[in-house]
Every structure is written in structure tokens, then in C-alpha cells.
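I opened this entry to record a few look-ups. The topics are listed in the order in which I went through them.

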Amino acid sequence: MFTLTAPSSTLSSRVLGSRLVDLLTGPHGVDRYTEIANPVWTLGEARAQVVAVARDTPRSVRLTLRPNRTFPGFKAGQHVNVRVEIDGRRHTRCYSPANAEGSELVELTVGVHDGGLVSTFLRAHAQRGMVVGLDDVGGDFVLPDELPDRIAFVSGGSGITPVLSMLRTLIARGHDSEITFLHYARSAAEACYRDELAELDVRVLHGYTREPAGTDVGPRFEPALIGDATVFACGPPSLVDAVRDHYPDARSESFVPPTFVVPEQAGGGRITFLQSGTSAIDDGRSLLEQAEAAGLTPESGCRMGICHSCKCRKTSGAVRNLITGAVSSADEEDVQICVSAPVGDVALAL
Amino acid sequence: MTEMTLTDEQFEAFGAELDALKERMLADLGERDAAYIRRIIKAQRALEVGGRATLMAGVLPPAWVAGTTMLALSKILDNMEIGHNVMHGQYDWMKDPALSSRGFEWDTACPGDQWRHSHNYMHHTHTNIVGKDRDIGYGILRMSEEEPWRPYYLGNPLYALLLATFFQYGVALHDLETERIAAGEVKLAEKRDLLRSIGRKVRRQTLKDYVAFPLLAGPFAPFVLAGNVTANLTRNLWSFMIIFCGHFPDGTHEFSEEETEDETRGEWYYRQILGSANLTGGKLFHILSGNLSHQIEHHLFPDIPAHRYAEMAVEVREICGRYGIPYNSGPLHRQFGTVVRKITRLALPDRGRGSGAVAAEPPTRDLELAVA
């Protein structure tokens with residue numbers, strides 16, 4: 001099945017990546033041709049095709065992905081930026097795969113956030129054959145080189161995926177640690193991977209926080225549940241904080257559903273110009289004017305929002321379009337600074 | 001020269017109507033537009049690969065004609081409906097780096113980043129302002145009575161023919177401002193980086209079309225070379241024709257720097273309409289023109305996906321009608337005919353400056369509304 005996934009052999013990668021092919025396919029580059037034949041045939045961009053979709057619980061969706069050869073792989077516990085196109089627009093969200101490190105397929109379980117664009121889209125519309133992008137594998141939440149004798153994995157909600165990846169990796173490698181896997185969900189119906197965990201040869205405890213029917217443990221984390229162990233925890237901040245109160249050395253990762261709180265009033269926020277290392281206090285004018293007032297000389301043209309010369313990367317913060325009034329708060333997006341004013345704190349790659 | 005015919009309040013209301021139309025369109029962008037541009041790209045890539053493959057058998061005349069035609073169509077689509085429009089930022093909202101205005105590069109001699117400056121900013125902001133908009137004659141031709149006649153301009157028709165033939169290089173050298181270098185206003189040394197980047201792009205394009213692909217055909221190299229030259233030439237002539245129909249047919253207006261100082265958004269819109277002309281035709285014609293056949297809508301909304309211009313044109317026309325603003329539109333042969341006539345007429349000194357010039361170019365009936 002390799003022929004379906006990527007320019008398969010290293011020979012074909014070498015040919016496709018050669019300077020001659022680059023010249024012949026210029027100026028667009030070879031990927032822009034191969035992707036027409038198969039959308040995951042790209043050397044420059046890691047992409048994956050969805051090969052299976054399961055909706056195990058009412059508030060999650062599990063995607064099995066076959067990544068192309070460009071995908072570098074990941075270490076158990078790390079996260080990947082997943083690119084999904086919705087209504088013609090690319091959106092990127094960070095997910096931690098749940099599969100064992102080194103396996104051919106990548107498994108994502110996406111928990112639905114109320115009002116979350118990407119998670120609700122995937123829950124409703126993900127299907128076999130869909131193509132997603134995979135970028136920026138990263139994260140320090142990984143297994144240590146020296147494995148401790150006693151390990152406890154503690155997770156809440158969709159925070160199960162990185163610790164499950166760690167557990168599956170340990171099992172695949174063969175280990176002799178004593179392992180406890182403690183997972184919290186709202187109810188038995190919403191507990192991801194219940195069946196898979198039951199089949200594993202480790203001690204598994206389920207905690208159901210809203211509907212306690214069938215729960216193994218109380219709704220609050222207690223150290224007595226896992227005793228003396230090296231703890232890996234991933235879940236909402238309240239759970240991670242509770243774990244760290246008792247296990248200050250616990251390795252942990254917390255996820256927070258994105259919340260965009262846009263201040264009512266423009267002005268007064270801090271504009272950070274990342275590349276020049278300066279900043280300014282927002283006076284309400286356009287970012288271009290304020291950048292110039294701060295002594296910067298960003299590229300610009302029409303100064304009325306039509307020519308796109310001034311576009312620059314906004315790494316964080318919200319801006320208001322001075323012509324349409326639309327507020328845009330996504331991180332890592334390009335904005336026309338001549339017609340954008342800050343709403344609160346903004347960081348620009350200028 | 002144009003005299004403003006609307007009051008300040010009318011200009012403001014007029015501008016607000018066009019702003020509202022744009023906002024409505026922006027809010028509606030989505031899957032439909034993404035699917036459209038990807039379909040066009042797919043067609044372009046298929047024509048390109050098919051054309052180049054067919055040309056390998058170019059020793060057979062039908063294969064040569066078919067291959068050359070496909071390659072020419074591919075280059076036209078690449079430059080017009082894809083490249084020009086993507087580089088305007090029409091698809092930036094998709095956040096796809098392959099369709100981003102900042103990153104896109106097209107299959108022609110002009111480097112994309114220079115085009116973004118000379119075209120998106122200089123031409124689109126200063127449309128038809130004599131002395132600021134270098135698209136008026138590309139620094140080579142005399143396309144306006146405002147440009148004083150010199151004996152050099154006797155060659156106007158010849159220069160136009162040469163520019164059309166080598167249009168991709170004309171476009172590439174656009175930002176070099178050769179006429180300002182000749183006039184001593186800028187030093188060639190200041191343009192060194194610009195020239196280098198043009199050189200790099202031209203070298204790669206030349207290597208690809210005129211060396212690498214012909215050599216791949218082995219003994220049939222001359223047929224591939226001839227096909228590639230013809231495809232590039234066809235694209236050059238076609239894009240020259242479409243682009244010169246955008247701002248130079250009879251009835252389009254020019255403006256002076258003084259009269260456009262401190263102009264409001266409404267007045268800017270007004271200038272875009274008076275300075276542009278549309279072409280009528282079928283759907284395929286619009287696509288092959290990169291929808292520059294809707295030059296008026298393109299100049300009003302340069303960053304709205306161009307395939308939307310046809311539907312926007314209905315409303316723009318209606319708005320113009322209500323404000324008594326002329327809307328210049330006609331078939332290619334008629335519009336281009338008046339462009340050719342202008343190129344030829346302006347080769348000669350103006351007869352009795354003012355009256356003579358106007359007599360030679362009577363305003364169309366539409367325009368009497370706006371020209372005092």
C-alpha cells in the first residue's frame with residue numbers, strides 16, 4: 001500500500017527532489033504537480049490521509065491517519081499541529097497522537113469543545129479519504145531514557161492521548177515497570193479507550209466525575225490511588241494542578257480549550273514588534289502607523305487595504321479591521337497592518 | 001482630465017455602497033471559491049503536463065499544434081486567472097501557502113515580488129494618474145495626450161508591437177523604471193538587486209523552456225523549442241491585448257496628480273471606474289482573460305476572488321447608473337481597435353492641442369454624463 005501514501009522509494013524521492021525536476025517544474029515546484037495526482041504526494045509538506053474514522057463516544061472522534069514520508073514521526077507524548085480545511089480555510093490545531101511511537105499509522109482522538117470550530121467539524125464531518133496536514137511536531141512531555149520502576153499515568157478527558165501513547169509505546173517495547181493508568185471522564189459513556197484499556201495488562205482505574213455509575217474512584221484525584229510512583233499527567237488545568245500538589249515532580253501537560261476574550265475598548269494594549277525587539281502602547285491608530293511611529297520601516301503600499309504589500313505575521317493577539325470593523329483573533333495569521341488596529345495586546349513579526 | 005460631478009455627500013454615499021458590496025462578498029467567501037481556484041489550477045497543470053508531453057512528439061504536425069496550444073493555454077491560465085489574481089491576495093483568506101499572495105511565483109519572466117510592488121501598489125493605487133501610474137505606456141509608449149510629444153514617439157506603433165511580442169520581458173523590466181534611469185533620475189546602481197533578481201528568474205525560465213525541455217526531446221528538440229517559443233509568444237500577445245484593453249480604450253480617463261490629491265475613498269472608487277474598461281464575452285473568455293475583462297470590478301475590489309466579478313458587475317453597473325457614472329464596456333475587437341487607434345494617433349504630434357485631440361477622440365455617449 002505504500003504506493004498510495006507517498007512518493008514511495010527513496011529513489012523516486014531523490015528524482016523528484018532533484019535540481020533538474022525543480023527546474024522543469026519551476027516556478028511552482030514538484031509538489032504542486034504530484035499533489036494533483038494524489039494530495040498526499042508532497043515532499044515539502046507532511047500530509048496524511050484519513051484511513052478510518054470512529055465515533056466511540058458522543059463527544060469525541062477518533063481518526064486513523066496514514067502520513068506520507070515527509071512526516072518525521074514523533075515521540076510518545078509529543079503533539080502535532082494538524083491542519084484541516086473548513087469552508088475553504090485552513091485551520092490548525094494541536095493534538096497529541098495516541099498511538100505507540102514508531103507505528104506506521106497515526107491515531108488522533110479529538111475531544112469536542114463546545115463552540116470549537118475544528119473539533120465540532122471533525123466530529124460531524126471527518127471521513128475516510130480526507131487529507132490533513134501535519135506540522136511542527138514538538139513538546140517536552142515525553143518518556144525519560146531511564147524508566148522508573150513504578151509509573152502512574154493520570155489523564156482527564158482528551159488528555160488521555162499522550163499518556164496512552166506513552167503506555168502503548170512501553171508495551172510495544174516490552175518493559176518491566178509497574179504501571180497504573182488513571183483516567184477521568186465525565187461519565188462511562190464519555191470515557192475514551194475504555195475497551196482498549198481493559199485489554200491491556202496494566203492496572204486501569206476509571207473516574208467518572210459527573211455520572212458516577214461504574215466509577216472505580218471518587219471524582220477528585222487522591223494520591224492514595226497511585227501511591228509512590230513517577231507520575232505523567234495530562235488533562236485540564238484543575239486535574240494537573242491537583243496532581244502536582246501531591247507530586248511536585250510529576251511530568252505534566254495541560255490543555256486549555258481556546259478562549260478568545262476580546263477587550264471591548266481599543267487602545268492601551270501593548271504592541272510587541274518581535275523582530276526589532278521594541279514595543280509600543282496602542283494609541284488606537286493602525287498598526288502600520290504605530291510601527292512607523294516606533295521608528296520601524298515596514299513595507300507598505302496603498303495604505304488603504306487593497307495592495308497587500310504591508311501584510312505581516314501577527315503571532316498573537318486580536319486586531320480590528322478599520323474598514324470592515326471585523327475582529328480577528330487567531331494566532332499566527334497574516335494581517336494587513338495598514339488597515340488593522342490592535343484590540344488588546346498584539347505581537348507582530350516586525 | 002476629468003471634472004468631479006458628484007457632491008461630497010454623493011461621493012461618500014457612493015463609496016459606502018461599494019464598501020457594503022465588498023463586505024457582503026467577503027463574508028460569503030468559502031468552499032465555492034476554494035473549489036473554483038483549485039479546479040482552474042488542476043486544469044492548468046493538466047494542460048501544461050499534457051502540452052509538454054504532446055510536444056515531445058512535435059515532429060508530427062497535429063501533435064505540435066495540439067501541444068503548443070495546450071501549453072499556451074496553460075501559460076495564459078497560470079499568468080492571468082491564477083498568478084495575477086493569487087498575487088493580489090484574492091485567496092489569502094484560505095491561508096494556504098501555495099495560494100498566498102506573498103509566496104506565489106508565476107510562470108513568466110517577472111519575479112513575483114517585483115510585480116506585487118509595481119502592479120498591486122503602484123498601478124492599483126495610482127490608477128491612470130499620469131506621472132505616477134507606470135502602466136500608462138510602460139515607460140516606452142505614449143498612451144496619453146498629457147505626455148508631451150517627442151520625435152521618439154513616431155515609433156509608437158513599432159514599440160507597441162515589440163512590447164506585445166516580448167511582453168513578459170516588458171513586464172519584468174517594469175519596476176526597473178528604465179525611462180527614469182535614462183532621464184538620470186535614478187542610477188542604475190540603485191537597481192542592481194532588482195536586476196539580479198530579474199536575471200535569476202529570466203535565466204531559470206529560459207533554461208526550462210528553451211534548453212531543458214527541448215533537450216529532453218533528443219533529436220526532436222527543435223520542435224519542442226519552437227512549440228515553447230510559440231506558446232510564450234501567444235501568451236505575450238494575449239496578455240498584452242487584454243491588459244491594454246483595461247485602461248486605454250476610448251472613453252477611459254486619465255487624471256493628474258493635483259486633482260487626485262487628498263481624494264476620499266468614494267473619489268478613489270470613482271477614479272477606478274472612469275479609468276477602467278470592461279470586455280464583454282462568454283465564460284471561457286472571462287476565465288482566459290483572468291477576469292480582467294471585468295477590469296472595473298477588479299480595480300474596485302482587487303482582492304476579491306476574480307471569478308466573483310461577473311456577479312458583482314451587475315450591482316456595480318446598477319450603482320453607477322444611479323449616480324450617473326459612466327461604465328465603459330464593449331467587445332474585445334472594438335475596445336482593442338480603439339487602443340490600436342490611440343497608439344497610432346499619439347505617435348504624431350497633437351493637432352491644435354486641446355480641441356484637436358478631443359475631436360480625434362470624441363467621448364462616447366455614456367461619457368457625456370460625467371465629462372463637463
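**Contacts of a helix 4 serine**

I looked up B:Ser118 first and left aside its neighbours within four places in sequence; the contacts of B:Ser118 are then B:His123, B:His174 and B:Asp175. I note that this is a predicted model. I placed B:Ser118 in helix 4 of chain B. Is B:Ser118 buried or exposed? I found a relative accessibility of 4%, so B:Ser118 counts as buried.

**Helix 10 of chain B**

I went on to helix 10 of chain B, residues 265-274, and found that helix to be mostly covered. I noted that 9 of its 10 residues are buried. I listed the buried ones as B:Gly266, B:Glu267, B:Trp268, B:Tyr269, B:Tyr270, B:Arg271, B:Gln272, B:Ile273 and B:Leu274.

What covers the buried residues of helix 10 of chain B? I found that the cover includes helix 1 (8-28), helix 4 (112-125), helix 12 (295-300) and helix 13 (309-323), which belong to chain B. I note that helix 4 of chain B also holds B:Ser118.

**A nonpolar patch on chain B**

I then checked the surface of chain B. I found a nonpolar patch there of about 310 Å², made by B:Val59, B:Leu60, B:Phe220 and B:Phe223. I traced B:Phe220 to the loop between helix 8 (192-216) and helix 9 (221-247) of chain B. I have the relative accessible area of B:Phe220 as 31%, so I entered B:Phe220 as partly exposed. The cut-off for membership of a patch is over 30% relative accessible area.

**Cysteines**

How many disulfides does a search of the whole structure find? I got 0 over all chains. I looked at A:Cys307, which is in no disulfide; the nearest cysteine sulfur is that of A:Cys302, 3.7 Å away. The cut-off for a disulfide is sulfur atoms within 2.5 Å, so I did not enter a bond there. I found A:Cys307 buried, at 4% relative accessibility.

I also looked at B:Cys110, which is in no disulfide; its nearest cysteine sulfur belongs to A:Cys307 and is 15 Å away. I recorded B:Cys110 as buried, at 2% relative accessibility.

**Backbone of chain A**

I checked backbone angles next. Most residues other than glycine have a negative phi, and most peptide bonds are trans, so I wrote down the exceptions I came across.

I found a cis peptide bond from A:Gly26 to A:Pro27, with omega near 0 degrees. I placed A:Pro27 in the loop between helix 3 (19-24) and helix 4 (31-37) of chain A.

I found a positive phi of about 50 degrees at A:Asp87, which is not a glycine. I located A:Asp87 in the loop between strand 3 (79-86) and strand 4 (89-95) of chain A. I have A:Asp87 as partly exposed, with a relative accessible area of 41%.

I found a positive phi at A:Glu332 too, of about 55 degrees, and A:Glu332 is not a glycine. I located A:Glu332 in the loop between strand 15 (327-328) and strand 16 (333-336) of chain A. I recorded A:Glu332 as partly exposed, at 46% relative accessibility.

**Domains of chain A**

I closed with the division of chain A into domain 1 (10-138), domain 2 (150-254) and domain 3 (270-348). I noted 31 Å between the C-alpha centres of domain 1 of chain A and domain 3 of chain A.

Note on methods
Residues are numbered from 1 along each chain as its sequence is written. Chains are lettered from A and ligands numbered from 1 in the order in which they are written. This is a predicted model: local features need pLDDT of at least 70, side-chain atom pairs count only at pLDDT 80 or more; totals for chains, interfaces and linings use all residues. Side-chain values use heavy atoms; hydrogens and water are left out. Domain bounds come from an automatic or database domain assignment. Patches are made of residues with over 30% relative accessible area and no salt bridge: like charges are joined within 9 Å, nonpolar side chains (Val, Leu, Ile, Met, Phe, Trp, Tyr) within 5 Å. Accessible areas come from the Shrake-Rupley method with a 1.4 Å probe; for residues, only the protein chains shown count as cover. A salt bridge is a side-chain nitrogen of Lys or Arg within 4 Å of a carboxyl oxygen of Asp or Glu. Helices (H or I, at least four residues) and strands (E, at least two) are DSSP runs, numbered from the N terminus. Buried means under 20% relative accessible area, exposed over 50%, partly exposed in between (1.4 Å probe, protein chains only). Contact means heavy atoms within 4.5 Å.
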